[in-house]
Amino acid sequence: MTSTPTLSLRAAVATVARDRSWPLTCLIYGACALTLIGLPIAAGFALDSLDNTRKGYGYPLPPWTDWTLRWLSGILALLIDFVFFVLPLLAGGMLLICVSIGMLVAGVKDPAVTGQALTALVALCGLATVVMFLCSAAPVGRLLFAGEGRIEDALSMRVLQLATSRGAGPIFLRARLLSLPAYLPAALLALAAYGLTLISFPGQPLALMLLVWLLLSALVMAHLVVVQLYAAAERETMRMI
């Protein structure tokens, strides 16, 4: 069934929920992600949903298909996330380590100076991470990959140029801000899982695994909502051209 994505959180959630199998689907792909080796399958599923939505078929959710192909496409989708989100974090961590070693070699022994320098670096890395998240680099990279099928373009500076352009940037920022409530269930489950690690009782490992499974399933749902929002954002940017 064809549909036009709307840049609205309510419309995005409603589109996903129109498929009555969405709870079971999210639980199954959450279980795949729980195995780690099946994480690309869940990522490939979200990418298939993005591709369908861009073509006007946001409903129903992508059918069960060749999971080998979905796993391979998911690897590429995760690569996009790695380059535009995880890699900057790793670079910031390496910078922090290098500065710490440099201060030790230079003989800086004042705890106040060391603390201030490291705090400033941590704040800078955190700010860079927030900027990368808000500028929607990873979702825009997935949009380019879904639209053109060229992973090299989805990993190039073209992604940042599009995500921060004067015309498209504000639209993608709006999509990112609208997507934040979709992550709330996963955030609450993460807090519950953390709280569970602070207490000890019989069956704790099983209960913790159950919470992590639900957390990953909630993330699958959140990504499906994000797909709807960014497909709608892309459509709005196309109207401006």
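Let me begin with a definition: a residue counts as buried when its relative accessible area is under 20%, as exposed when that value is over 50%, and as partly exposed in between. What I am showing this morning is a predicted model, and I will use those three words in that sense throughout.

The first residue to put under that definition is Thr53, which has its place in helix 3. Its relative accessibility is 1%, so Thr53 counts as buried, the cut-off being under 20%. The side chain of Thr53 also has a polar partner, since it makes a polar contact with the side chain of Gln228 at 3.1 Å.

Gln228 comes up again when we turn to Thr15, a residue placed in helix 1, which covers residues 9–17. If we leave aside the neighbours within four places in sequence, Thr15 is in contact with Gly58, Tyr59 and Gln228. Within its own helix, a polar atom of the Thr15 side chain lies 2.9 Å from the backbone oxygen of Ala11. Is Thr15 buried or exposed? Its relative accessible area is 17%, which is under 20%, and therefore Thr15 is buried.

Let me step back to the whole chain for a moment. The protein chain has eleven helices and zero strands, so that, read along the sequence, the pattern is α repeated, α-α-α-α-α-α-α-α-α-α-α. Along its principal axes the C-alpha trace spans about 65 × 55 × 35 Å. Of the 241 residues, 37% count as buried, and the chain exposes about 13100 Å², of which carbon and sulfur atoms supply 73%. If we take the contacts between residues at least 6 apart in sequence, 77% of them join residues at least 24 apart.

Two pairs of C-alpha atoms may help you to read the fold on the screen. Val226 lies in helix 11, and its C-alpha atom is separated by 8.0 Å from that of Arg176, although these two residues are 50 residues apart along the chain. Beyond its neighbours within four places in sequence, Val226 is in contact with Ser179 and Tyr183. With a relative accessible area of 10%, Val226 is buried, because that value is under the 20% cut-off. Ile97, on the other hand, is found in helix 4, and the C-alpha atoms of Ile97 and Trp71, 26 residues apart along the chain, are separated by 35 Å. At 47% relative accessibility Ile97 counts as partly exposed.

Now for the empty space in the model. Rolling a probe the size of a water molecule over the atoms shows where such space is left. The largest pocket has a volume of about 830 Å³. How many residues line the largest pocket, and which of them lie nearest its centre? The lining has 29 residues, and those nearest the centre are Leu78, Asp81, Arg142, Tyr183 and His223. The elements that give two or more residues to this lining are helix 3 (39–54), helix 4 (67–105), helix 5 (111–134), helix 6 (137–148) and helix 11 (204–240). Helix 11 gives the most, with seven residues. By class, the lining has 24 nonpolar, two polar and three charged residues. Tyr183, one of the residues nearest the pocket centre, is also a contact of Val226, as I said a moment ago.

Finally, some backbone geometry that I would ask you to look at with care. As background, most residues other than glycine have a negative phi, and most peptide bonds are trans. In this model a cis peptide bond joins Tyr59 and Pro60, with omega about 0 degrees, and Pro60 lies in the loop between helix 3 and helix 4. Leu36 has a phi near 70 degrees, a positive value in a residue other than glycine, and this residue lies in the loop between helix 2 (22–34) and helix 3. Ser136, in the loop between helix 5 and helix 6, likewise has a positive phi, near 65 degrees. As for their surroundings, Leu36 counts as exposed because its relative accessibility is 64%, a value over 50%, whereas Ser136, at 0%, counts as buried.

How values were computed:
Residues numbered from 1 in each chain as written. Predicted model: local features only at pLDDT ≥ 70, side-chain atom pairs only at ≥ 80, totals over all residues. Heavy atoms only, no water. 1 Å grid on protein atoms, 1.4 Å probe; cavity = no way out; pocket = protein on both sides within 12 Å on 5 of 7 lines; lining within 4 Å. Points joined across faces, edges and corners; volume = space filled by probe spheres on them. Helix = DSSP H or I, 4+ residues; strand = E, 2+ residues; numbered from the N terminus. Nonpolar A, V, L, I, M, F, W, Y, C, P; charged D, E, K, R; others polar. Buried < 20%, exposed > 50% of the residue type's maximum accessible area, 1.4 Å probe, protein only. Polar contact = N/O pair within 3.5 Å; in protein donor to acceptor, adjacent residues only side chain to side chain. Contact = heavy atoms within 4.5 Å. Areas by Shrake-Rupley, 256 points an atom, 1.4 Å probe, with all protein chains shown as cover.
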